[in-house]
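Please open the structure in your viewer and keep the sequence beside it. The tour below goes from one selection to the next and says what can be found at each stop.

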Amino acid sequence: KSLELCMEKAKRFIRLPEVINRTGYRRTSIYEKISEGTFPAPIKLGPRAVAWVSEEIDKWMDARIAERDAV
């Protein structure tokens, strides 16, 4: 069980196709929200590669659910 907890807590980078799949947003909307400051910014992995921290996307999604439930 402790291994499962470690795996759960492990940070993981995810690429744009997975962010799109998880959120339902298209590339343009994701980058618009990043520029507005309302979506997690990606991490630069290399000259032409970026990724997002999976946990940050999960927290962003949890916050959206909490906003809905607060109404």
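How much accessible surface does the chain have, and what share of it belongs to carbon and sulfur atoms? With the whole chain of this predicted model selected, the accessible surface comes to about 5600 Å², and 55% of that area belongs to carbon and sulfur atoms.

**The whole chain**

Colour the chain by secondary structure, and you should find four helices and three strands, which follow one another along the sequence in the pattern α-β-α-α-β-β-α. The chain has 71 residues, of which 23% count as buried. If you display the contacts between residues at least 6 apart in sequence, 41% of them join residues that are at least 24 apart.

**The nonpolar core**

Next, select Ile14, Leu16, Val19, Ile30, Ile34, Phe39, Trp52, Ile57 and Trp60, and show their side chains, since these nine residues form the largest nonpolar core. Helix H2 (16–23), helix H3 (27–36) and helix H4 (54–70) each supply at least two residues of this core.

Stay with the core and centre the view on Ile30. Setting aside residues up to four places away in sequence, Ile30 touches Leu16, Val19, Ile20, Thr23, Tyr25, Phe39 and Trp52.

**Thr23**

From Ile30, move to one of the residues it touches, Thr23, which has its place in helix H2. Is Thr23 buried or exposed? Thr23 counts as buried because its relative accessibility is 19%, and the cut-off for that class is under 20%.

With residues up to four places away in sequence again left out, Thr23 touches Ile30, Phe39, Ile57 and Trp60. If you draw a distance from the C-alpha of Thr23 to the C-alpha of Ile57, the viewer should give 8.4 Å, although the two residues are 34 apart in sequence. A polar atom of the Thr23 side chain also lies 3.1 Å from the backbone nitrogen of Tyr25.

**The salt bridges**

Now turn to the charged side chains. Side chains of opposite charge can pair when their charged atoms come close. How many salt bridges does a search of the whole structure find? The search finds six, and a good place to begin is Arg22.

Select Arg22 together with Glu18, and you will see their side chains meet in a salt bridge, with 3.1 Å from N to O. Because these two residues are four apart in helix H2, about one helical turn separates Arg22 from Glu18. Arg22 counts as partly exposed, at 25% relative accessibility, and Glu18 is likewise classed as partly exposed, at 26%.

Keep Arg22 selected and add Asp58, which forms a salt bridge with Arg22 in which the closest N and O atoms are 2.9 Å apart. This pair links distant parts of the chain, for Asp58 belongs to helix H4 and Arg22 to helix H2, with their positions 36 residues apart in sequence. Asp58 has a relative accessibility of 33% and therefore counts as partly exposed. If you then add Arg12 to the selection, you have a single network, in which salt bridges that share partners join Arg12, Glu18, Arg22 and Asp58.

While you are looking at this region, select Ser54, which lies in helix H4. Ser54 is buried, with a relative accessible area of 9%, and, apart from its neighbours within four places in sequence, Ser54 is in contact with Arg12, Ile14 and Arg22.

For another salt bridge, go to Arg68 and Asp69, whose side chains meet with 2.8 Å from N to O. Arg68 counts as exposed, since its relative accessibility is 56%.

**A nonpolar patch on the surface**

For the last stop, show the molecular surface and select Phe13, Ile43 and Leu45. What do these three residues make? Phe13, Ile43 and Leu45 make a nonpolar surface patch of about 260 Å². Within this patch, Leu45 is found in strand S2, which covers residues 43–46. Leu45 counts as partly exposed, because its relative accessibility is 43%.

Conventions. Residues are numbered from 1 along each chain as its sequence is written. This is a predicted model: local features need pLDDT of at least 70, side-chain atom pairs count only at pLDDT 80 or more; totals for chains, interfaces and linings use all residues. Side-chain values use heavy atoms; hydrogens and water are left out. Patches are made of residues with over 30% relative accessible area and no salt bridge: like charges are joined within 9 Å, nonpolar side chains (Val, Leu, Ile, Met, Phe, Trp, Tyr) within 5 Å. Accessible areas come from the Shrake-Rupley method with a 1.4 Å probe; for residues, only the protein chains shown count as cover. A salt bridge is a side-chain nitrogen of Lys or Arg within 4 Å of a carboxyl oxygen of Asp or Glu. Buried means under 20% relative accessible area, exposed over 50%, partly exposed in between (1.4 Å probe, protein chains only). A nonpolar core is a set of buried Ala, Val, Leu, Ile, Met, Phe, Trp, Tyr and Cys residues joined through side-chain atoms within 4.5 Å. Contact means heavy atoms within 4.5 Å. A polar contact is a pair of N or O atoms within 3.5 Å; within protein, one must be able to donate a hydrogen and the other to accept it, and residues adjacent in sequence count only if both atoms are side-chain atoms.
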